[in-house]
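Trainee: I am new to this structure. Please show me how to read it, one feature at a time.

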Amino acid sequence: MTHLRARTGPFSDLRAILWMVASMTAFAGADLFIALATAPRAEGTPMTPGAMVVLQGVALVLLFGIWAWVSGRPVTGNMVRDRAVLGRTVGEMLGVGSFVVALAYGDFVTVSAILQIQPLAAVLLAVPFLG
């Protein structure tokens, strides 16, 4: 397994900022796509939240597989069988499903605001346990 090394230099902070801006832009675009795909419309039935989760899952598995193949890295390993990894995976599945349902049936602004406050709430809840 390769270890990630921190890049240093005059442009490392700028590179990190640009990656963060790009990731947040992609995240907002994905949220907008989910909201538009699950919104009711006159010409037909909207995509259900379950179908949206499946569609995103298939697309991301394909992208991840292509990335692993191009970079020459194995797709699976021993860590897939680890209980902590399995627990995290189940938690992520529940979180994504809940988020897509919230976007499908709730107000986009409200769901985005709750999502943005979530990291702060997680830190506040972790402080009593982690110190």
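Mentor: Gladly. Keep in mind that this is a predicted model. We begin with a helix. At 1.5 Å a residue, the 27 residues of helix H1 (residues 12-38) should span 39 Å. The end C-alpha atoms of H1 are 39 Å apart, which agrees.

Trainee: What does the same check give for the 23 residues of H2?

Mentor: Use 1.5 Å a residue again, and H2 should span 33 Å. Its end C-alpha atoms are 33 Å apart, so the two values agree. H2 covers residues 49-71.

Trainee: What comes after H2?

Mentor: Gly72 follows H2. The phi of Gly72 is positive, near 75 degrees.

Trainee: How many helices and strands does the protein have?

Mentor: There are four helices and zero strands. Read from the N terminus, the elements run α-α-α-α. Now the overall spread. The radius of gyration is 18 Å, well over the 14 Å that the globule rule gives for 131 residues, so the protein is more spread out than a compact globule.

Trainee: What box do the C-alpha atoms fill?

Mentor: Taken along the principal axes, the box is roughly 50 × 40 × 35 Å.

Trainee: What share of the 131 residues is buried?

Mentor: A residue counts as buried when its relative accessible area is under 20%. Here, buried residues make up 11% of the 131 residues. The protein exposes about 10,900 Å². Carbon and sulfur atoms supply 73% of that area.

Trainee: Which residues are buried in H1?

Mentor: Ser12, Asp31, Ile34, Ala35, Ala37 and Thr38. First, a general point about such lists. An α-helix has 3.6 residues a turn, so residues three or four places apart point the same way. Next, look at the cover. What covers the buried residues of H1 includes H2, helix H3 (83-105) and helix H4 (108-130).

Trainee: And which residues of H2 are buried?

Mentor: Pro49, Met52 and Ala68 are. The buried residues of H2 pack against H1 and H3.

Trainee: Where is Val58, and how do I judge its exposure?

Mentor: Val58 sits in helix H2. Compare its relative accessible area with the cut-offs: buried is under 20%, exposed is over 50%, and partly exposed lies in between. Val58 has 47%, so it is partly exposed. Phe64 is also found in helix H2. Its relative accessible area is 41%, so Phe64 is partly exposed.

Trainee: Is Met79 buried or exposed?

Mentor: Met79 counts as exposed, because its relative accessibility is 59%. Its place is in the loop between H2 and H3.

Trainee: How do I relate separation along the chain to separation in space?

Mentor: Pick two residues and check both values. Val58 and Arg88 are 30 residues apart along the chain, and their C-alpha atoms are separated by 19 Å. For Phe64 and Ala104, 40 residues apart, the C-alpha separation is 26 Å. For Met79 and Ser112, 33 residues apart, it is 32 Å.

Trainee: What about contacts across the whole protein?

Mentor: Take the contacts between residues at least 6 apart in sequence. Of these, 49% join residues at least 24 apart.

Trainee: How far apart are the mean positions of the positive and negative charges?

Mentor: They are 16 Å apart, for 8 positive and 6 negative charges.

Methods: Residues numbered from 1 in each chain as written. Predicted model: local features only at pLDDT ≥ 70, side-chain atom pairs only at ≥ 80, totals over all residues. Heavy atoms only, no water. Helix = DSSP H or I, 4+ residues; strand = E, 2+ residues; numbered from the N terminus. Rg over C-alpha atoms; globule rule 2.2 N^0.38 Å. Buried < 20%, exposed > 50% of the residue type's maximum accessible area, 1.4 Å probe, protein only. Contact = heavy atoms within 4.5 Å. Areas by Shrake-Rupley, 256 points an atom, 1.4 Å probe, with all protein chains shown as cover. Lys, Arg positive; Asp, Glu negative; His and termini not counted. Charge placed at Lys NZ, Arg CZ, Asp CG, Glu CD. Expected span 1.5 Å × (residues − 1).
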